[in-house]
Amino acid sequence: MSIRLSPAILDLIEALKKLPGFGPRSAQRAAFHLLQNRDGSLDVLGEALSRVRGGVTRCKLCNTFTEGDICPVCLDESRDPGLLCVVESAADQMALDSSLA
Ligand SMILES: [Zn+2]
């Protein structure tokens, strides 16, 4: 017999299942973690999602994610504007950038 969950919890699990690396079990585990750690996890994640949703757009120069028109990488005057590296995703850009530090 399975436990009947409320629609809100089922919706949370379904949303988490859409994230990369999350399957049904890990989505359910994450959902219950969030619900059991409201102050430390759920509220913090909710606030972060809200801030990203309302304030993150694409950099007008390089198309990575940023707050404002131009990202911190493009604003960094110590970088050589003559060099260009094309990557598939913002995650790849972050990994490459941290490997060069
Ligand atoms: Zn940029």
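1. A residue counts as buried when its relative accessible area is under 20%, as exposed when that area is over 50%, and as partly exposed in between. By this rule, 13% of the 101 residues of the chain are buried. The model is a predicted one, and the points below should be read with that in mind.

2. Start with the overall dimensions. For a compact globule of 101 residues one would expect a radius of gyration near 13 Å, but the chain has 19 Å. The C-alpha trace spans about 65 × 25 × 20 Å along its principal axes.

3. Next, the elements. The chain contains five helices and two strands. Read from the N terminus, their order is α-α-α-β-β-α-α, with the two strands placed between three helices and two helices.

4. The domain assignment divides the chain into domain 1, residues 7-54, and domain 2, residues 57-100. Taken over C-alpha atoms, the centres of domain 1 and domain 2 are 28 Å apart.

5. How many of the contacts between residues at least 6 apart in sequence join residues at least 24 apart? The share is 8%.

6. The surface and the charges can be taken together. About 8,400 Å² of the chain is exposed, and 58% of this comes from carbon and sulfur atoms. The side chains include 11 positive and 13 negative ones. The centres of these two sets lie 13 Å apart.

7. Now a single residue. T66 sits in strand β2, which covers residues 65-67. Is T66 buried or exposed? Its relative accessibility is 7%, so T66 counts as buried, because the cut-off for buried is under 20%. Not counting residues up to four places away in sequence, T66 touches G55, V56, T57, R58 and C59, and also C71 and P72.

8. G68 makes a useful second case. This residue lies in the loop between β2 and α4, where α4 is residues 72-75. The relative accessibility of G68 is 40%, so G68 counts as partly exposed; the class runs between the 20% and 50% cut-offs.

9. Which residues does G68 contact, leaving aside its neighbours within four places in sequence? They are G55 and T57. G55 and T57 also appear among the residues that T66 touches. V56 is twelve residues from G68 in sequence, and the C-alpha atoms of G68 and V56 are 7.3 Å apart in space.

Conventions: Residues are numbered from 1 along each chain as its sequence is written. This is a predicted model: local features need pLDDT of at least 70, side-chain atom pairs count only at pLDDT 80 or more; totals for chains, interfaces and linings use all residues. Side-chain values use heavy atoms; hydrogens and water are left out. Helices (H or I, at least four residues) and strands (E, at least two) are DSSP runs, numbered from the N terminus. The radius of gyration is taken over C-alpha atoms; the globule rule is 2.2 Å times the number of residues to the power 0.38. Buried means under 20% relative accessible area, exposed over 50%, partly exposed in between (1.4 Å probe, protein chains only). Contact means heavy atoms within 4.5 Å. Accessible areas come from the Shrake-Rupley method with a 1.4 Å probe; for residues, only the protein chains shown count as cover. Lys and Arg count as positive and Asp and Glu as negative; His and the chain ends are not counted. The place of a charge is taken as NZ of Lys, CZ of Arg, CG of Asp or CD of Glu. Domain bounds come from an automatic or database domain assignment.
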